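Please look over the structure shown here before reading on. The report that follows is written for a reader who meets it for the first time.

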Amino acid sequence: MAENPGMPVRPSGRLLRAPEHFLSPAQIAEVTAGRRGFLRGAFAAALAGTGGVAAAQGTGDANILELPAHTKGLGQPVATHGYGQPSQYERNLQRRESPGLTRVSAASVSFAPLQGMFGIITPNGLHFERHHQGWWDIDPSKHRLMINGLVKNPLVFTMDDLMRLPSVSRMHFIECGANTGMEWGNVAVPTVQYTHGMLSCCEFTGVALSTLLDMAGYDKKAGKYILVEGADGSSMTRTVAMERALDDCMVAYAMNGEMLRPENGYPLRMVAPGIQGVSWVKWLRRIEVGDMPYGTKDETLHYVDLMPDGLHRQYTSIQECKSVITSPSGGQTLLDKGFHNITGLAWSGRGKIRRVDVSTDGGRNWRTAKLESPILSKCLTRFNFGWVWDGGPAILQSRAIDDTGYVQPKINQLRAVRGTRSIYHNNAIQSWRVAEGGEVSNVQVY
Ligand code: MTE
């Protein structure tokens with residue numbers, strides 16, 4: 001489809017204006033002069049209760065009164081080749097690197113734009129990325145998965161071998177243990193893309209790890225742990241307890257109905273539901289069965305919790321119950337007082353979400369939000385909450401409770417246990433301040 005440089009670009013937030021530093025000057029002018037004005041008008045019409053037609057007649061809206069070219073001419077033909085792309089008006093919704101983080105060669109992270117996404121599934125082109133030594137597009141015909149260690153029959157699988165086996169498909173979230181890490185030390189990054197965007201949720205398809213371990217004849221007595229190893233230059237290796245490996249882990253080759261994307265581990269990755277993202281080893285090439293935790297570099301130095309006394313907790317693997325309001329959120333601007341739908345995501349590495357409460361006054365009063373289906377174990381759950389904004393200052397928060405009864409903590413409760421120098425596993429309640437003008441920003445409420 002032809003580019004139309006004169007058209008306004010939908011900002012990376014829904015209904016709301018995006019932070020200006022994400023847009024080029026030309027885009028800023030387009031968005032502020034055109035798009036925002038249009039939305040204000042549309043919202044006023046909805047409030048008047050008579051619908052958009054009456055308002056449009058009143059203002060002589062050319063978009064109603066004149067027939068646009070697309071109702072009179074011939075549209076574009078069906079795609080004969082290539083991979084389908086989103087509308088040109090959606091091109092501002094992208095993965096982005098945080099302005100607050102320094103890239104170390106190819107070792108980097110790009111954050112998912114949670115503020116502009118709907119439902120619970122992350123489109124493959126918006127899935128966050130975290131790789132320690134860059135990504136590779138590995139030839140699947142040469143890729144192998146080896147299973148060795150405490151097994152009767154060490155095995156090597158080709159991709160063809162794996163794809164012949166019984167397959168399973170399940171929806172799960174993946175969250176990097178470092179997600180929301182910059183909030184520990186009070187450094188408030190501006191938008192939900194950077195506070196919480198190391199989070200995605202997909203339908204994964206692959207082979208249950210229990211199937212492969214059974215085929216290899218793992219030692220049921222001594223085999224207490226597995227080590228999963230990636231084929232990239234980071235020598236990424238992680239220990240997973242056998243109990244969890246047999247429960248719901250899988251080796252996945254597909255995500256959201258198509259083969260994995262190269263940056264997400266094509267052609268094979270570990271899916272470890274509920275466990276922090278680092279254990280979802282990409283470009284998976286080896287699984288070793290062992291009798292004790294392996295204590296590799298990526299589990300002793302990194303992705304562990306630094307406690308106030310300067311010591312690390314030995315292992316933390318589960319992503320505890322957490323939630324965040326994705327809209328309205330930092331960097332967006334409310335269009336007008338009146339009705340707004342507060343929406344967000346909740347998840348728990350221990351099971352299902354039981355309830356989400358929302359506060360609009362900084363935690364003094366809480367009301368229960370509506371959970372949208374499906375509500376699945378170790379999967380994102382979408383919540384919605386209707387709010388009538390009176391135009392005054394407000395502080396929006398969400399608090400999730402999972403089916404074990406665990407309640408998402410406040411940041412000061414977490415800091416009381418973990419101090420302020422941690423990086424990982426921050427599942428605190430997130431607060432967004434709404435100013436009188438409607439601007440939304442990141443704040444911390446104790
Ligand atoms: N696997 C390998 N082989 N190399 C890596 O750098 N990064 C890990 C994990 N698996 C990584 C890896 C980290 S830290 C995270 S959070 C997740 O992959 C990110 O997965 P994604 O890039 O698909 O979002």
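The text below turns to the surroundings of the ligand and then to three residues in strands.

This is a predicted model, in which local features need pLDDT of at least 70 and side-chain atom pairs count only at pLDDT 80 or more, while totals for chains, interfaces and linings use all residues. Residues are numbered from 1 along each chain as its sequence is written, and side-chain values use heavy atoms, with hydrogens and water left out.

**Around the ligand**

The ligand is surrounded by 22 residues, of which Phe-128, His-132, Asp-232, Arg-269 and Lys-282 come nearest; a residue belongs to these surroundings if one of its heavy atoms lies within 4 Å of the molecule. Divided by kind, the shell around the ligand holds nine nonpolar, seven polar and six charged residues, where Ala, Val, Leu, Ile, Met, Phe, Trp, Tyr, Cys and Pro count as nonpolar, Asp, Glu, Lys and Arg as charged, and the others, Gly among them, as polar. Strand 2 (residues 129-131) gives the most to this shell, with three residues; strands are DSSP runs of E with at least two residues, numbered from the N terminus.

Three of the distances between polar atoms of the protein and the ligand are set out here.

| Residue and atom | Ligand atom | Distance |
|---|---|---|
| Phe-128, polar backbone atom | oxygen | 2.6 Å |
| Asp-232, polar side-chain atom | nitrogen | 2.7 Å |
| Lys-282, N or O atom in the side chain | oxygen | 2.5 Å |

Taken alone, the ligand exposes 530 Å², and the protein buries 100% of that; such areas come from the Shrake-Rupley method with a 1.4 Å probe. The space that the ligand takes is the largest cavity, a cavity being a set of points, on a 1 Å grid over the protein atoms alone, where a 1.4 Å probe fits but cannot get out.

**Three residues in strands**

Glu-175 is found in strand 5 (residues 168-175) and counts as buried because its relative accessible area is 1%, buried meaning under 20% relative accessible area (1.4 Å probe, protein chains only). The side chain of Glu-175 is joined to that of Trp-347 by a polar contact of 2.9 Å, that is, a pair of N or O atoms within 3.5 Å, of which, within protein, one must be able to donate a hydrogen and the other to accept it.

Thr-343 has its place in strand 14 (residues 338-347) and is also buried, with a relative accessible area of 3%; a polar contact of 3.0 Å joins its side chain to that of Arg-382.

Tyr-253, in strand 9 (residues 250-255), counts as buried at 7% relative accessibility. The C-alpha atoms of Tyr-253 and Met-270 are separated by 9.0 Å, with the two residues 17 residues apart along the chain.

How values were computed. On a 1 Å grid over the protein atoms alone, a cavity is a set of points where a 1.4 Å probe fits but cannot get out, and a pocket is an open set with protein on both sides within 12 Å along at least five of seven lines; lining residues have an atom within 4 Å of a point. A molecule sits in a cavity or pocket if more than half of its atoms lie within 2 Å of its grid points. Helices (H or I, at least four residues) and strands (E, at least two) are DSSP runs, numbered from the N terminus. Buried means under 20% relative accessible area, exposed over 50%, partly exposed in between (1.4 Å probe, protein chains only).
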